[in-house]
Amino acid sequence: MDSCDQAHAETTTDISEANIVIETSRPLPVANRNDGLSILKGLWKERSLLAALTLMNRYVGRAFRITLPVFQPAVFVGPESNRQILVTDRHQFSWRSASDPVVRLLRQGILVVDDAQQDTLRAIMDPPLQRKNFTPHIDEMQHYADVALDRWQDGETRDMLVEMRRAALLILMGVSYRVDFAPDMDALWNPILELLEYISPGLWILWADMPRPKYRNAIAAMDGYLYRIIRERRAALESGAHVATPGDLLSQLILAPDMNDDLIRDQLLTMLIAGHDTSTALLAWVLYLLGMHPEEMVAVREEIDAVMPDPGQPVQLEAIGALHRLDLVIKEALRLYPPIHVGNRVAKTDLDICGYRVPEGTRVMYSIYLAHRDKEYWSDPEQFCPERFAHGQEDKRPPLTYVPFGGGPRNCIGAAFAQVESKIVLVRILQRFELELLNGAEIHPHMGATLEPRPGVQMRIRRRA
Ligand code: HEM
């Protein structure tokens, strides 16, 4: 039984046949003295919030509270608490507190607003990201993937974290905004990295109102670019020089009622950040895993060659759907290294989550990373084993055990886009190149804006004959 379920069972008393239930929820456990020492020792070795969460999960359980002086989130792990946070009790949470850097940066972006405003934005932005609306543009996904790969020279070594960021930016902007990002990529590269650093976990967690002037220029550069593409598209739509398609998110935002330029900027920046950094991390992790398991790389390449024997032909959607091995590898990469490794919420009221008391105002986290490595639901959870997803195995686990794209009505709006995009990029890489991982032993997950492989994924590239 899930410890979350256990806590619930212990604190719930059914006192009559009429099923009247009295709940007496308990405070969230914290590490006791002995465990605390073991956790500190572990943290000394690996100084990261991810290590802290992993150690607390090991010593304390699937529900715990971190007790730093000004950072005391309630952390939950597993399908039961996921269901409560993401589905049944979701209206009891706001997404974040106003002082979080991500809220300051994205202002009224779909990711950070709640309630009616969230619903309105979701209704506008969901259709362009539906499969049927973006897949007519998959030839452009392939085009932009190829633009990123055309720079690769035979025999050189490249960092796949950097390369996949280039590909993901070109594809997101090119396919979803219908803007060619290539001419602006170099000028905006550092501002983008700085904005990702701005929203990554850092000292601001301990000092909410910390002034951070360092990032002013990066925000100004990004804003300058985003307001420019909004102006240009508005003019092109008005003059008839650009015709909006259903998958064209930028035009759909401009055409939607009650959207001013500031609100559109917030959505564009949100999608740019949420939509490219995640795909970057996923692709880099897949390449790392294939590099660590060369036999799997061979199997995936053989499948691609069998399904698409002529690499000169455009990649078709049906062919993408036939790449089962690649699909399993991507699923397993998302299990082991979910780019969004934790979801954040703030309790709007006093709550009971799985039998634990969560006071109003508490920062609540549901850990995707820990849920994906829970021994109760995954055999050999630390092992790379794509077959675990074969033959509908995932259906045997309780719903919301595997949540790389979150869950419930506020799940990832770009999940379908990311899945098609990642397959196209990987197909083009494996059709065109042989790869050899050079620094596998030193790669570890780092908690930035996403969970990314640090210090990067160095691979030697050979052009295929
Ligand atoms: C591998 C790629 C991706 C992963 C693993 C991923 C993961 C997630 C997760 C876990 C959430 C829910 C977070 C929560 O519960 O707080 C989420 C939400 C979101 N994602 Fe993604 N994502 C990916 C790609 C994308 C793409 C390509 C886009 C845009 C094109 C996107 C846009 C968003 C947005 C806007 C939200 C917030 C939705 C809302 O609150 O209504 N994501 N994503």
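How many residues does H13 have, and what distance does H13 reach from its first C-alpha to its last? In this predicted model, H13 has 32 residues and reaches 46 Å between those two atoms, close to the 46 Å expected at 1.5 Å a residue. H13 is also mostly covered, with 28 of its 32 residues buried.

The protein as a whole contains 18 helices and 15 strands. Of its 465 residues, 40% are buried. Among contacts in the protein with a separation of 6 or more, 73% join residues 24 or more positions apart.

A second helix, H9, covers residues 160–177. Its 18 residues should span 26 Å at 1.5 Å a residue, and its end C-alpha atoms lie 24 Å apart, which agrees. In H9, 17 of the 18 residues are buried, so this helix is largely enclosed by the rest of the structure. Arg-178 follows H9 and has a positive phi, near 60 degrees.

The ligand is surrounded by 26 residues, of which Gly-275, Thr-278, Gly-406, Cys-412 and Gly-414 come nearest. By class, the shell around the ligand divides into 15 nonpolar, 9 polar and 2 charged residues. Helix H13 (261–292) and helix H18 (415–432) each supply at least two residues of this shell. The largest share, 7 residues, comes from H13. H13 thus combines two features: 28 of its 32 residues are buried, and H13 provides the largest share of the shell around the ligand.

Conventions:
Residues are numbered from 1 along each chain as its sequence is written. This is a predicted model: local features need pLDDT of at least 70, side-chain atom pairs count only at pLDDT 80 or more; totals for chains, interfaces and linings use all residues. A residue is near a molecule or strand if its C-beta atom, placed from the backbone, lies within 6 Å of it. Helices (H or I, at least four residues) and strands (E, at least two) are DSSP runs, numbered from the N terminus. Ala, Val, Leu, Ile, Met, Phe, Trp, Tyr, Cys and Pro count as nonpolar, Asp, Glu, Lys and Arg as charged, and the others, Gly among them, as polar. The expected span of a helix is 1.5 Å times one less than its number of residues. A residue is buried if 20 or more other C-beta atoms lie within 10 Å of its own, exposed if 12 or fewer, and partly exposed in between; C-beta atoms are placed from the backbone. Two residues are in contact if their C-beta atoms, placed from the backbone, lie within 7 Å.
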